[in-house]
Amino acid sequence: MVPVAVVGAGYVGLVTAACLSELGHRVTCIEVDETKVIALGAGDLPIHEPGLRELVWKNARDGHLQFTGDYERTRYAESVFIAVPTPSGDDGSADLSYVLQAMDSLVPHVQPGTIIVIKSTVPVGTGDGIARLQSVLNARIEVVSNPEFLRQGTAVHDFLHPDRVVIGAESAEAVERVARIYASLEAPIIAVDRRSAELAKYTANALLATRISFMNEISHIAAAVNADIDDVARIVGMDRRIGPAFLRSGLGWGGSCFPKDVLALSSAASSHGCYTPILQAVYEVNQLQGKHAAELLLEAISGIDDPIVAILGLAFKPNTDDVRGSPALGIAQQLVEEGIIVRAHDPFALVNAGLVLPDVEYREDAYSALDGADAVLLATEWEEYYDLDWILVRESMRGKTVVDGRNALNGVLLNELGFLYRSFGRAAQTNGNGSAPHAGTIDASTLGGTMQTNGNGAAPYEAAFGSPPGVSEAVAE
Ligand code: UGA
């Protein structure tokens, strides 16, 4: 058992605190927002993340996890994890003010020899800069970079089953002490210098975003030449040098990480005199995806009086209530600005979306959002949308266009039901006359739902992309 503190009860901080307590450490989580501390003390979590509530409740009950606003409590910690936000500044660079505020608040309290572990995503050189601060030198604090690779929606699983634990440190003793905290995880420990650890985090996110943008670009070629992007992705993903993950086309990437990290990396590169045309293109292609979806919707409702568009899904991806950087919101806002009535549903993100976009009509169930709509956009591939009774939906909608922003639905079946199915590069399904041989026969039992199947009945994620992002893993946690 190592006594540790975690500064920040946001996504990464809360998951880190809960999981470290689950690993047997005594954890104090410091959060400056008093309302959040009170809520967490009462067992109320500010975010929806599968499996997290149970971990927080259990470890708080057993006295392994506490929440406080008092930095004095860091005095008892051998290591203090910094997990505060690093949002995009006006010029795209990472805003480090929360990290620096946290340092200022905790340095007067910690004991000499304490390790400060930076989990926040920070530009290369931040750890070195903090280590050189006079106050840090005086307090004889070690600074370690320990980037986090968890995904929202599967955060608990990812933290407890990492592919690797990266420890960027300048002394073998610091590596050993941080490695001890993770000793019970079955994961390789990768010890490197601080700068390489910091750059690896940005590189991982930027490379994942690049794969998606690249496939989105290819999806437009697929549409133009009447090829099928799913087949293309499946084929290239079977190449072991490439692998199947993050090749799924659609509205593109959102969230609180990829958009800010791609921008921050590009901005940091340019401040070091490096030219990054790939990063810029990755960002630009992503912007085009939302525009393309909006165009498809506008085309579908053109000439209709008082048109209504339904949007299914507002979270930036399934299994989270986070709408930050969600492509759905950008599209909804554009439609509202054009005077179109937008009715939206999401199983968990209605409240968060309402705070950002008050002019959308939010509906508690998907059928009610679809009732009377002229066109629908599937923006987040929540599992419940696969199970919709599309025969009923067809009867209740005024129009027939379905824009599948996640290439998740069974377009062949939807076309057969009388919808006009529009996708991102699934050409055979878009025009409705393709046999999409790999899609196999339509299982009568799925008539209520329209989840795309391959020949062996597996859902598209299983077929080409592994498990749906976290659904099964997260639930199993
Ligand atoms: C991402 C990284 O995957 C994590 O490793 C990292 O720790 C995290 O950022 C972070 O820096 O904190 P996250 O933003 O939670 O995690 O979500 P992802 O699962 O990576 O998805 C990002 C976006 O890409 C979503 O909008 C998703 O819909 C989209 N996506 C994903 C695609 O459009 N296609 C795909 O094939 C996969």
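Hi everyone. Let's start with one pair of residues: Ile167 stands opposite Ala191, which sits in strand 8. Before I go on, please keep in mind that this is a predicted model.

So where does that pair belong? Strand 7, residues 165-168, and strand 8, residues 189-192, run parallel and are joined by four bridges. To get from strand 7 to strand 8, the chain passes through helix 8, residues 172-181, and this β-α-β crossover is right-handed.

Now let's move along to another part of the chain. Here you'll find an open sheet of six strands with parallel pairing, and what is the order of its strands? Reading across, the order is 11-10-9-12-13-14. Strand 11 (361-363) and strand 14 (420-422) stand at the edges with a single partner strand each, so one side of each has no neighbour in the sheet. On average, neighbouring strands of this sheet are turned by 20° against each other, ignoring direction.

Let's zoom in on two of these strands. Strand 12, residues 375-378, runs parallel to strand 13, residues 401-404, and four bridges join them. If you'd like one pair to look for, take Val376, whose bridge partner in strand 13 is Val402.

Finally, the helices. Helix 13, residues 327-337, packs on the sheet and touches strand 9, strand 10 (341-345) and strand 12. The direction of helix 13 makes about 155° with that of strand 10. And which strands does helix 12, residues 277-301, lie across? Helix 12 lies across strand 9 (308-312), strand 12, strand 13 and strand 14, and runs at about 165° to strand 12.

That's my tour, thanks for listening!

Notes. Residues are numbered from 1 along each chain as its sequence is written. This is a predicted model: local features need pLDDT of at least 70, side-chain atom pairs count only at pLDDT 80 or more; totals for chains, interfaces and linings use all residues. Two strands pair if DSSP finds at least two bridges between them. Helices (H or I, at least four residues) and strands (E, at least two) are DSSP runs, numbered from the N terminus. Axes are lines fitted to C-alpha atoms, for helices over the stretch in contact, and angles run from 0 to 180 degrees between N-to-C directions. Two residues are in contact if their C-beta atoms, placed from the backbone, lie within 7 Å. A crossover is right-handed if, with the strands pointing away from the viewer, the path from the first strand over the helix to the second runs clockwise.
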